[in-house]
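User: I'd like to walk through this structure with you, one question at a time. Can we start from the side chains?

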Amino acid sequence: TITDSAFPNASFAGAILTDVRGEDLRLPWAHFVGAAFEGSAWPDSNMTGANLAGARLVGVDMERLQLAGASLQGAALIRVKAQEINLKRANCTGADFSRSVL
């Protein structure tokens, strides 16, 4: 579990973040290309402008997550719980939101 921390512009490209809980994190403009977030939870976190292109988010809790201006191109967001998520100006081209609660 990681709480109340800041990682602006951090690179997590290709990282495996399985079953990680990150609550109230600030990760603006972070780089998560190709990362795997399976079974993770990121409630109340801020990933404004983050690059999640091609990332795999399966069974992830994304409640109240800020993704304004983020890139989710080709990302797999399957069975995600994403109530109150902010996707303003996000690029979701080719993203798969199968069986998700938005």
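**Salt bridges, rings and the core**

Analyst: Sure, and keep in mind that this is a predicted model. A starting point is Arg64, which is partly exposed, with a relative accessible area of 31%.

User: Which residue forms a salt bridge with Arg64, and is that residue buried or exposed?

Analyst: The closest N and O atoms of the pair are 3.9 Å apart, and the cut-off for a salt bridge is 4 Å. The partner of Arg64 is Glu63. With a relative accessible area of 17%, Glu63 falls under the 20% limit, so Glu63 is buried.

User: Which other residue forms a salt bridge with Glu63, at 3.4 Å?

Analyst: Look in the segment after strand S4 (76-78), while Glu63 itself sits in the loop between S3 and S4. The two residues are 18 apart in sequence, so the pair links distant parts of the chain. The partner is partly exposed, at 39% relative accessibility. With 3.4 Å between the closest N and O atoms, the residue is Lys81.

User: Which residues do salt bridges with shared partners join into one network?

Analyst: Glu63 pairs with Arg64, and Glu63 also pairs with Lys81. Asp44 belongs to the network too. The full set is Asp44, Glu63, Arg64 and Lys81.

User: How many residues apart in sequence are the parts tied together by Asp4 and Arg26?

Analyst: These two form one of the six salt bridges in the structure, with the closest N and O atoms 3.3 Å apart. Arg26 is partly exposed, at a relative accessible area of 36%. Asp4 lies in the loop between S1 and S2 and Arg26 in the loop between S2 and S3, so the parts they tie together are separated in sequence by 22 residues.

User: On to the rings. Are Phe12 and Phe32 stacked or edge-to-face?

Analyst: A search of the whole structure turns up four aromatic pairs. In the one formed by Phe12 and Phe32, the ring centres are 5.1 Å apart and the planes sit at 5 degrees. Planes under 30 degrees apart count that way, so the pair is stacked.

User: And which is buried, Phe12 or Phe32?

Analyst: Phe12 has 24% relative accessibility, so Phe12 counts as partly exposed. The relative accessible area of the other ring residue is 1%, so the buried one is Phe32.

User: What angle lies between the planes of Phe37 and Trp42?

Analyst: Phe37 is buried at 1% relative accessible area, and Trp42 counts as buried at 5%. Their rings are 5.6 Å centre to centre, and the pair is edge-to-face. The angle between the planes is 80 degrees.

User: Which residues in the largest nonpolar core touch the most other members?

Analyst: Nonpolar side chains tend to be buried together in soluble globular proteins. Here the largest core has 25 residues. Phe32 touches residues including Leu17, Leu27, Phe37, Met47 and Leu52. The ones that touch the most other members are Phe32, Phe37, Trp42 and Met62.

User: Last one: which residue has its backbone nitrogen 3.4 Å from a polar atom of the side chain of Ser45?

Analyst: Ser45 is found in the loop between strand S2 (22-23) and strand S3 (56-58), and at 1% relative accessible area Ser45 is buried. Beyond its neighbours within four places in sequence, Ser45 is in contact with residues including Gly22, Glu23, Arg64 and Gln66. The backbone nitrogen at 3.4 Å belongs to Asp24.

Notes
Residues are numbered from 1 along each chain as its sequence is written. This is a predicted model: local features need pLDDT of at least 70, side-chain atom pairs count only at pLDDT 80 or more; totals for chains, interfaces and linings use all residues. Side-chain values use heavy atoms; hydrogens and water are left out. A nonpolar core is a set of buried Ala, Val, Leu, Ile, Met, Phe, Trp, Tyr and Cys residues joined through side-chain atoms within 4.5 Å. Buried means under 20% relative accessible area, exposed over 50%, partly exposed in between (1.4 Å probe, protein chains only). Contact means heavy atoms within 4.5 Å. Helices (H or I, at least four residues) and strands (E, at least two) are DSSP runs, numbered from the N terminus. A polar contact is a pair of N or O atoms within 3.5 Å; within protein, one must be able to donate a hydrogen and the other to accept it, and residues adjacent in sequence count only if both atoms are side-chain atoms. Rings of Phe, Tyr and Trp (its six-membered ring) pair if their centres lie within 6.5 Å; planes under 30 degrees apart count as stacked, over 60 as edge-to-face and the rest as tilted. A salt bridge is a side-chain nitrogen of Lys or Arg within 4 Å of a carboxyl oxygen of Asp or Glu.
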